[in-house]
Amino acid sequence: MICQRCGYCCIHLDVNIVDPRAVLPGVDIDPGKRDVWVLKPKGQRCPHLSFQGDLAVCAIHVMPCYKGSPCDQFEQLGREDDLCVLGAYFKAASYEK
Ligand code: SF4
Ligand code: SF4
């Protein structure tokens with residue numbers, strides 16, 4: 001699945017994310033922290049999300065803690081090179097960023 005970085009899933013889905021309070025910015029999870037996962041409720045913008053123009057940017061995307069996270073494992077049925085249909089759905093449903 002090819003992500004078009006619209007950021008809709010980072011706002012409109014329930015997803016477990018790394019607790020921002022457990023992150024050493026630009027590094028990884030603070031080794032002194034426990035219980036590093038928190039639920040980001042649907043409709044609430046993920047605290048790791050920002051935008052550069054219309055392009056979604058995830059602050060932890062390149063950190064080791066992102067590997068294997070629910071966001072990292074997010075996929076859809078279909079071919080690997082299909083565009084994400086979820087973003088198109090949200091867009092068609094006129095969700096706001
Ligand atoms: S952790 Fe990153 S990819 Fe996951 S919801 Fe937050 S901004 Fe989006
Ligand atoms: S909804 Fe799809 S295209 Fe948009 S950011 Fe999420 S995975 Fe990427």
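The following dialogue discusses how to read a predicted model of a protein chain with its ligands.

Biologist: On what conventions does the description rest?

Modeller: The model is predicted: local features need pLDDT of at least 70, side-chain atom pairs count only at pLDDT 80 or more, and totals for chains, interfaces and linings use all residues. Residues are numbered from 1 along each chain as its sequence is written, while chains are lettered from A and ligands numbered from 1 in the order in which they are written.

Biologist: How many helices and strands does the protein chain have?

Modeller: Helices (H or I, at least four residues) and strands (E, at least two) are DSSP runs, numbered from the N terminus. Here there are three helices and six strands, in the order α-β-β-β-β-β-β-α-α from the N terminus.

Biologist: What does the radius of gyration indicate for the protein chain?

Modeller: The radius is taken over C-alpha atoms, and the globule rule is 2.2 Å times the number of residues to the power 0.38. For 97 residues a compact globule would have a value near 13 Å, and the 14 Å of the protein chain agrees with this. Its C-alpha atoms fill a box of roughly 45 × 30 × 25 Å along the principal axes.

Biologist: What share of the residues is buried, and which form the largest nonpolar core?

Modeller: A residue is buried if 20 or more other C-beta atoms lie within 10 Å of its own, exposed if 12 or fewer, and partly exposed in between, with C-beta atoms placed from the backbone. Buried residues make up 15% of the 97. A nonpolar core is a set of buried Ala, Val, Leu, Ile, Met, Phe, Trp, Tyr and Cys residues joined through C-beta atoms within 7 Å. The largest has ten residues, among them Cys-6, Ile-17, Cys-46 and Phe-90.

Biologist: Which residues surround ligand 1?

Modeller: A residue is near a molecule if its C-beta atom, placed from the backbone, lies within 6 Å of it. Around ligand 1 these are Cys-10, Val-15, Ile-17, Cys-46, His-48, Leu-49, Cys-58, Ile-60 and Cys-71. The shell around ligand 2 includes Cys-3, Arg-5, Cys-6, Cys-9 and Cys-84.

Biologist: Where do Arg-5 and Asp-35 lie, and are they buried or exposed?

Modeller: Arg-5 lies in the segment before α1 (9-12), with a positive phi near 55° in a residue other than glycine. Arg-5 is partly exposed, because 16 other C-beta atoms lie within 10 Å. Asp-35, in the loop between β3 (28-29) and β4 (37-40), has a positive phi of about 50° although it is not a glycine. Asp-35 counts as exposed, with 7 C-beta neighbours inside 10 Å.
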